[in-house]
Amino acid sequence: MFIKYVENDIVLQGVKCLDLDLTLDCGQAFRWEKQSDGSYSGVAMGVFLNIKKENGDFILKNTTKENFEKVWRNYFDLDKDYEEICNTLKQDELIASTVDRYYGIRILNQDSWEALCSFVISQQNNIKRIKGIIKRLCETYGDMVEDGFYTFPSAERLSALTVGDFEALGTGYRGKYLEKLSKAVANGEIDLEKIKSLPLEDARQELLKIFGVGIKVANCALLFGFGFYSAFPVDVWMKRVMEYYPDGLPKCFEGIEGIAQQYLFHWARNNL
């Protein structure tokens, strides 16, 4: 990857295996909005970004070197060799053609708090409704960083809300989960940074202790917000996929099960 600084923009050249549509609109993050010019705008870690692919390069508009190094380099997982990962996954016959067809899916390294809240909200929900709830949550209790774009509110800010406040945003029964979660994180009862430092199974068990967090939510949060690439979320789509693996996942998925899951999930939604 080669980085160029052009006026107020950062231009990334030679980035392999990054498709903005497949990565930003695949159900792992819920706050990216596609613009009329094909670019995407969103907020992560409290920082706004507009990103577009143009002539093979990725243009990060009005981005400082500091924000690129502090936020976006890790957020888009730019130092991980996804080309090698995809070649490894393709040792499995089922996923080989899937990787070629949907090449460019990456895991976004999201904020742990935002990811956990987002997947609590995602339970028994569709992507459109999830996005709407999170958008209202951010507009109501976050801080505006760009016209129409807001930070994700902190646990401390949300800990002052009642179940009714959450329900007013359209969370439904999930409101009681968010109310307890916000207070527990704000008062230190739940230490997200500590959970990130644990082995996978221990981290999973800690998340499963949280009111309203089941195995699917825990694995989604671990994969997308806690840096556990071996977490493997299973929903109704993935249950169908697992029928193709009666003896369990192949050895070539080891350590990167979560990346394999994203390709299999996308294949399932489009083919099953």
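The following paragraphs lead the reader through selected features of this structure.

The model is predicted: local features are described where pLDDT is at least 70, side-chain atom pairs count only at pLDDT 80 or more, and totals for chains, interfaces and linings use all residues. Residues are numbered from 1 along each chain as its sequence is written, and side-chain values use heavy atoms, with hydrogens and water left out.

The aromatic rings come first. Rings of Phe, Tyr and Trp (its six-membered ring) pair if their centres lie within 6.5 Å; planes under 30 degrees apart count as stacked, over 60 as edge-to-face and the rest as tilted. By this rule there are 13 aromatic pairs. In one of them, the ring centres of tyrosine 173 and tyrosine 177 are 5.8 Å apart and the planes meet at 85°, so the pair is edge-to-face. Tyrosine 177 also pairs edge-to-face with phenylalanine 211, with 5.0 Å from centre to centre and 85° between the planes. This second pair links distant parts of the chain, since its members are 34 residues apart: tyrosine 177 belongs to helix H9 (residues 174-186), and phenylalanine 211 to the loop between helix H11 (200-208) and helix H12 (215-225). Helices (H or I, at least four residues) and strands (E, at least two) are DSSP runs, numbered from the N terminus.

The surroundings of these rings can be described by accessibility. A residue is buried under 20% relative accessible area, exposed over 50% and partly exposed in between (1.4 Å probe, protein chains only). Tyrosine 177 is buried at 15%, whereas tyrosine 173 is partly exposed at 34% and phenylalanine 211 is partly exposed at 39%. Phenylalanine 211 has a further partner, for lysine 180 lies over the face of its ring, 5.8 Å from the centre. A charge sits over a ring if NZ of Lys or CZ of Arg is within 6 Å of the ring centre and within 35 degrees of the ring normal. Arginine 240 places its charged end over the ring of tryptophan 237 in this manner, at 4.8 Å from the centre. Elsewhere, Trp32, Trp72, Tyr75 and Phe76 form one aromatic cluster.

Threonine 23 offers an example of polar contacts. This residue is located in helix H1 (residues 20-24) and is buried, at 1% relative accessibility. What does its side chain reach at 3.0 Å? The partner is the backbone oxygen of glycine 104, and the side chain also reaches the backbone nitrogen of arginine 106 at 3.1 Å. A polar contact is a pair of N or O atoms within 3.5 Å; within protein, one must be able to donate a hydrogen and the other to accept it, and residues adjacent in sequence count only if both atoms are side-chain atoms. In the broader sense of contact (heavy atoms within 4.5 Å), and leaving aside neighbours within four places in sequence, threonine 23 touches Leu18, Gln28, Gly104, Ile105, Arg106 and Leu108.

The backbone also deserves attention. Most residues other than glycine have a negative phi. Cysteine 17, however, has a positive phi of about 60°; this residue lies in the loop between strand E2 (9-13) and H1 and is buried at 4% relative accessibility. Aspartate 77 likewise has a positive phi, near 55°. Its place is the loop between helix H2 (65-75) and helix H3 (82-89), and aspartate 77 is buried at 7%.

Helix H12 is mostly covered, with 9 of its 11 residues buried. Among them are Val217, Ala218, Asn219 and Cys220. The buried residues of H12 pack against helix H5 (112-121), helix H10 (192-196), H11 and H14. After H12 comes glycine 227, with a positive phi near 80°. Glycine 227 lies in the loop between H12 and H13 and is partly exposed, at 39% relative accessibility. Its C-alpha is 8.9 Å from that of serine 112, although the two residues are 115 apart in sequence.

H12 also contributes at least two residues to the lining of the largest pocket, as do helix H6 (127-141), helix H13 (236-242) and helix H14 (257-271). On a 1 Å grid over the protein atoms alone, a pocket is an open set of points where a 1.4 Å probe fits, with protein on both sides within 12 Å along at least five of seven lines; lining residues have an atom within 4 Å of a point. The largest pocket has a volume of about 520 Å³, where volume is the space filled by probe spheres set on the points, which are joined across faces, edges and corners. Of its 24 lining residues, Ser122, Asn125, Lys216, Asp235 and Phe265 are the closest to the centre.
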